[in-house]
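Dear colleague,

I am handing over the structure we spoke about, and below it I set out what was found in it. Please read the notes with the structure open beside you.

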Amino acid sequence: EVQLVESGGGSVQVGGSLSLSCATSRSIDGRNCMGWFRQAPGKERKWVATILTLTGTDHRYSSRYVKGRFTISADNAKNILYLQMNSLKPEDSAMYYCAASFGGGECYARFRRTDFDYWGQGTQVRVFS
């Protein structure tokens, strides 16, 4: 069973930054798709960003709501997924989840919960003014 463990959440003022991490129990290097989703109270879980964790590639995709502010990246040697969040807004407040799909190939158009097989428990982000 693959385990994903998120960390790095917390409370931050509007305009601030946070860096989330997701440690995995399985090697992520390869044609694997990993991503971040978020879920606010009473709302659906929504896609934030995804990355193909194949060494030598730079296939990254992000939601229009975070584009230009959030950056997804991965350290294949450490098997860790990151999400750098800058210029945070109150509407970014949510539980953030790490997700993974192994061996599925390209990440393009993978933005549904059903596109991913493994999930972390989440880390809470709160942005206050």
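Does Trp119 count as buried, partly exposed or exposed, and at what relative accessibility? Before the answer, please keep in mind that this is a predicted model. Trp119 has a relative accessibility of 24%, and because buried means under 20% and exposed over 50%, this residue counts as partly exposed.

Aromatic contacts

Trp119 is a good place to start, since several of the findings involve it. The structure holds six aromatic pairs, and in one of them the ring centres of Phe37 and Trp119 are 4.9 Å apart with their planes at 65 degrees, so that this pair is edge-to-face, the class for planes over 60 degrees apart. Phe37 belongs to strand E4 (residues 33-39) and Trp119 to strand E10 (residues 118-119), so the contact ties together parts that are 82 residues apart in sequence. Unlike its partner, which is partly exposed, Phe37 has a relative accessibility of 1% and therefore counts as buried. A further residue, Phe116, joins Phe37 and Trp119 in one aromatic cluster.

Another of the pairs is formed by Trp47 and Phe111, and it is tilted, with 6.2 Å from centre to centre and 50 degrees between the planes. Here Trp47 lies in strand E5 (residues 46-52), while Phe111 is in the loop between strand E9 (94-101) and E10, so this pair ties together parts that are 64 residues apart in sequence. Trp47 counts as partly exposed at 22% relative accessibility, and Phe111 likewise counts as partly exposed, at 42%.

Charges over rings

Two arginines are placed over aromatic rings. The charged end of Arg45 sits over the ring of Trp119, at 5.1 Å from its centre, and Arg26 lies over the face of Phe102, at 4.1 Å from the ring centre.

The four-stranded sheet

Turning to the backbone, there is an open sheet of four strands in the order E1-E3-E8-E7, and the pairing is antiparallel. Its edges are strand E1 (4-7) and strand E7 (70-75), each of which pairs on one side only, and from one strand to the next the twist averages 15 degrees. In general, the strands of a sheet pair through backbone hydrogen bonds, in either a parallel or an antiparallel arrangement.

Within this sheet, E1 and E3 are paired in the antiparallel sense over four bridges, and Leu4 has Thr24 as its bridge partner in E3. Strand E3 (residues 18-24) is also joined to strand E8 (residues 80-85) by six bridges, again with the strands running antiparallel; there, Leu18 has Met85 as its bridge partner in E8. The edge strand E1 has a covered face, made up of Leu4 and Glu6, and an uncovered one, with Val5 and Ser7.

The largest pocket

Finally, the largest pocket has a volume of about 310 Å³. It is lined by 16 residues, of which Arg38, Ala40, Lys46, Tyr65 and Glu91 are the closest to its centre. E4 and E5 each supply at least two residues of this lining, and the largest share, three residues, comes from E5. These two strands have already appeared above, as E4 holds Phe37 and E5 holds Trp47.

With best regards

Terms used. Residues numbered from 1 in each chain as written. Predicted model: local features only at pLDDT ≥ 70, side-chain atom pairs only at ≥ 80, totals over all residues. Heavy atoms only, no water. Pairing = 2+ DSSP bridges. Axes fitted to C-alpha atoms, helices over the stretch in contact; angles between N-to-C directions. Phe/Tyr/Trp six-rings, centres within 6.5 Å; stacked < 30°, edge-to-face > 60°. Buried < 20%, exposed > 50% of the residue type's maximum accessible area, 1.4 Å probe, protein only. Lys NZ or Arg CZ within 6 Å of the ring centre and 35° of its normal. 1 Å grid on protein atoms, 1.4 Å probe; cavity = no way out; pocket = protein on both sides within 12 Å on 5 of 7 lines; lining within 4 Å. Points joined across faces, edges and corners; volume = space filled by probe spheres on them.
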